[in-house]
Amino acid sequence: MPTHVALLRGINVGRANRIAMADLRSVVADLGHAEVATYLQSGNVVFSPAHEQDPVALALELSDSIQQRLAVSCHVVVLTASQWRSIVAANPYPAQAAADPRTVHAAVQQDEFTSAEQEGLTRLLVEATAAGSPDHLTVAGRATYLWTPGGLGRSTLAERLTRAKGPGKDRTTARNWRTVEALARLLGG
């Protein structure tokens with residue numbers, strides 16, 4: 001059973017940063033990692049590391065190898081199966097996820113959100129709410145959970161999050177709840 005998940009940010013979105021999943025699996029396997037499998041076409045990889053290594057070091061290794069082998073520069077987040085299960089368990093919107101998993105997203109980063117990042121996210125939520133948005137977000141550890149009842153594509157909050165600029169804004173990558181749960185299953189959870 002794979003023990004880690006790697007999430008690539010911005011892969012195969014539109015015409016930018018195109019990577020075939022077979023090529024991605026090959027990059028990961030050629031680093032010596034085992035039990036490599038991808039899920040969907042958006043840069044989700046589960047694997048068991050070749051040797052004991054910190055998730056941050058694994059993320060850097062994968063990012064560098066993808067750049068060298070596939071000529072695609074992307075941010076990679078690597079989490080252990082235990083860390084991923086914690087993200088699943090902390091979902092503050094379980095009823096909404098059960099009703100429609102496409103309306104709940106987990107935006108994940110390698111480290112926990114700082115208090116300054118949390119304050120910035122809260123400000124964006126307040127602004128979106130003032131503009132009439134029904135969307136909501138909750139920050140817990142290394143994940144921001146988004147509930148967008150009208151869908152992510154129509155979400156005022158998601159638009160504000162996408163437009164937000166500043167240090168660290170490119171370290172987070174989001175997955176809808178269907179993908180979050182599928183990756184948990186691949187990790188044995």
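This is a short talk on a few local features of one predicted model.

I will start with the strands. Strand S1, residues 4–8, runs antiparallel to S4, and five bridges join the two. Within that pairing, Val 5 stands opposite Leu 79 in S4. How much of strand S4 is buried? Four of its five residues are, the strand being residues 76–80, so S4 is largely enclosed by the rest of the structure.

The other pairing I want to show is between S5 and S8. Strand S5 covers residues 104–108, and it pairs with S8 in the antiparallel sense over four bridges. Here Val 108 stands opposite Thr 173 in S8. Strand S8 itself, residues 173–176, has side chains that alternate. Thr 173 and Arg 175 point to one face and are buried. Ala 174 and Asn 176 point to the other face and are not buried. So please note that the arginine is on the buried face here, and the alanine is not, given that buried means under 20% relative accessible area.

Next, the aromatic residues. The structure holds two aromatic pairs. In one of them, Tyr 145 and Trp 177, the ring centres are 6.2 Å apart and the planes stand at 50°, so the pair counts as tilted. Where in the chain do Tyr 145 and Trp 177 sit? Tyr 145 belongs to strand S7 and Trp 177 to helix H7, residues 177–186, with the two positions 32 residues apart, so to speak a link between distant parts of the chain. Both partners are out of reach of the probe or almost so by the numbers: Tyr 145 is buried at a relative accessible area of 0%, and Trp 177 is buried at 2%.Staying on strand S7, residues 143–147, we come to Trp 147. Is Trp 147 buried, exposed or partly exposed? Its relative accessibility is 24%, so Trp 147 counts as partly exposed. Leaving aside neighbours within four places in sequence, Trp 147 is in contact with Tyr 93, Gln 96, Thr 103, Val 104, Pro 134, Asp 135 and His 136. For a sense of distance, Trp 147 and Ala 37 are 28 Å apart in space, C-alpha to C-alpha, and 110 residues apart in sequence.

Now a residue in strand S3, Ser 48. Ser 48 counts as buried, at 9% relative accessibility. Residues up to four places away in sequence are not counted in what follows: Ser 48 touches Met 1, Pro 2 and Thr 3, and also His 33, Ala 34 and Glu 35. From Ser 48 to Val 36 the C-alpha to C-alpha distance is 7.1 Å, with the two residues twelve apart in sequence.

Two backbone angles are worth a look. Leu 40 has a positive phi, about 60°, although it is not a glycine. Leu 40 is found in the loop between strand S2, 34–39, and strand S3, 44–48. With a relative accessible area of 46%, Leu 40 is partly exposed. The other is Ala 71, where phi is near 55°, again a positive value in a residue other than glycine. Ala 71 is in the loop between H2 and S4. Its relative accessible area is 64%, and Ala 71 is exposed.

That brings us to helix H2 and the second largest pocket. About 150 Å³ of space lies in this pocket. Which element gives the largest share of the lining? It is helix H2, residues 55–70, with four residues. The lining consists of Val 56, Ala 59, Leu 60, Ser 63, His 75, Val 76, Gln 109, Gln 110, Asp 111 and Arg 171. By class, the lining residues are four nonpolar, four polar and two charged.

One lining residue deserves a closer view, and that is Ser 63. Ser 63 lies in helix H2. At a relative accessible area of 19%, Ser 63 is buried, because the cut-off is under 20%. Not counting residues up to four places away in sequence, Ser 63 touches Cys 74 and Val 76. Val 76 is itself among the residues that line the pocket.

That is the end of the tour, and I will take questions.

Definitions and conventions: Residues are numbered from 1 along each chain as its sequence is written. This is a predicted model: local features need pLDDT of at least 70, side-chain atom pairs count only at pLDDT 80 or more; totals for chains, interfaces and linings use all residues. Side-chain values use heavy atoms; hydrogens and water are left out. On a 1 Å grid over the protein atoms alone, a cavity is a set of points where a 1.4 Å probe fits but cannot get out, and a pocket is an open set with protein on both sides within 12 Å along at least five of seven lines; lining residues have an atom within 4 Å of a point. Grid points are joined across faces, edges and corners, and a volume is the space filled by probe spheres set on the points. Ala, Val, Leu, Ile, Met, Phe, Trp, Tyr, Cys and Pro count as nonpolar, Asp, Glu, Lys and Arg as charged, and the others, Gly among them, as polar. Buried means under 20% relative accessible area, exposed over 50%, partly exposed in between (1.4 Å probe, protein chains only). Contact means heavy atoms within 4.5 Å. Two strands pair if DSSP finds at least two bridges between them. Rings of Phe, Tyr and Trp (its six-membered ring) pair if their centres lie within 6.5 Å; planes under 30 degrees apart count as stacked, over 60 as edge-to-face and the rest as tilted.
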